[in-house]
Amino acid sequence: MSDSQPCPQCKSPYAYPMDSLMVCPECGHEWNPNEVDENALSVKDSNGNPLEDGDSVVVVKNLPVKGHPKPIKAGTKVKNIRLVDGDHNIDCKIDGFGSMALKSEFVKKA
C-alpha cells in the first residue's frame with residue numbers, strides 16, 4: 001500500500017483507493033488525491049467565506065477571556081489576522097487584550 005494517504009479531514013491513516021478516489025473508512029470522506037494540496041490550510045468564517053492571512057474580521061458574539069473582567073464584545077474589528085493550524089485557528093492582536101487566538105466560527109470577514 002505505497003499509494004495510501006492520510007485522510008485530509010480526520011487524518012486517519014486507513015484511507016484506501018476506490019476507482020480514481022481515496023476513501024476514508026472512519027469519517028466517510030472521499031477525495032481525489034490528484035487535487036488535494038497537502039500544505040493548504042483552509043479556514044472559513046461563520047458564514048462560510050474563506051479567510052486568508054492579513055484579512056480583517058469582526059467578532060460575531062461576546063467572547064469571555066480568561067483573566068480579564070470583561071469579554072471581547074460582538075462587533076469588535078480585528079485587523080491583520082494570521083491563520084494557524086489547530087483548534088483556535090486565528091492568531092491576532094486585539095486592542096485592550098493583546099495577542100489572542102480565536103476560533104474561526106466566532107468571526108466573520110469584514
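Before the close-ups, one term: a residue counts as exposed when its relative accessible area is over 50%, as buried when that value is under 20%, and as partly exposed in between. Keep in mind that this is a predicted model.

**View 1. Lysine 11, an exposed residue with a positive phi.** Lysine 11 sits in the segment before strand E1, which covers residues 16-18. Its relative accessible area is 57%. Since the cut-off for exposed is over 50%, lysine 11 lands in the exposed group. Now check the backbone: phi at lysine 11 is positive, at about 65°, even though this residue is not a glycine.

**View 2. Asparagine 80, in the loop between strands E7 and E8.** Here we've moved along to a loop with strand E7 (77-78) on one side and strand E8 (82-83) on the other. Asparagine 80 isn't a glycine, yet its phi is positive, at about 55°. Is asparagine 80 buried or exposed? With a relative accessible area of 55%, it is exposed.

**View 3. Aspartate 55, a buried loop residue.** Look in the loop that joins strand E5 (50-51) to strand E6 (57-59), and you'll find aspartate 55. Its relative accessible area is 15%, and anything under 20% is called buried, so aspartate 55 is buried. Which residues does aspartate 55 touch, once its neighbours within four places in sequence are set aside? The list is Pro50, Val78, Lys79, Asn80, Ile81 and Lys109. Asn80, the residue from View 2, is one of these contacts.

**View 4. The whole chain, for orientation.** Zoom out and you can count 11 strands and zero helices. Reading from the N terminus, the order is simply β-β-β-β-β-β-β-β-β-β-β. The radius of gyration is 18 Å, well over the 13 Å that the globule rule gives for 110 residues, so the chain is more spread out than a compact globule. Along its principal axes, the C-alpha trace spans about 55 × 25 × 20 Å. Of the 110 residues, 26% are buried; aspartate 55 from View 3 is one of the buried residues.

**View 5. Contacts, surface and charge across the chain.** Take the contacts with a separation of 6 or more: 37% of them link residues 24 or more positions apart. The accessible surface comes to about 7,500 Å², and carbon and sulfur atoms account for 46% of that surface. As for charge, the chain has 13 positive and 16 negative charges, and the mean positions of the two sets are 17 Å apart.

Conventions
Residues numbered from 1 in each chain as written. Predicted model: local features only at pLDDT ≥ 70, side-chain atom pairs only at ≥ 80, totals over all residues. Heavy atoms only, no water. Helix = DSSP H or I, 4+ residues; strand = E, 2+ residues; numbered from the N terminus. Rg over C-alpha atoms; globule rule 2.2 N^0.38 Å. Buried < 20%, exposed > 50% of the residue type's maximum accessible area, 1.4 Å probe, protein only. Contact = heavy atoms within 4.5 Å. Areas by Shrake-Rupley, 256 points an atom, 1.4 Å probe, with all protein chains shown as cover. Lys, Arg positive; Asp, Glu negative; His and termini not counted. Charge placed at Lys NZ, Arg CZ, Asp CG, Glu CD.
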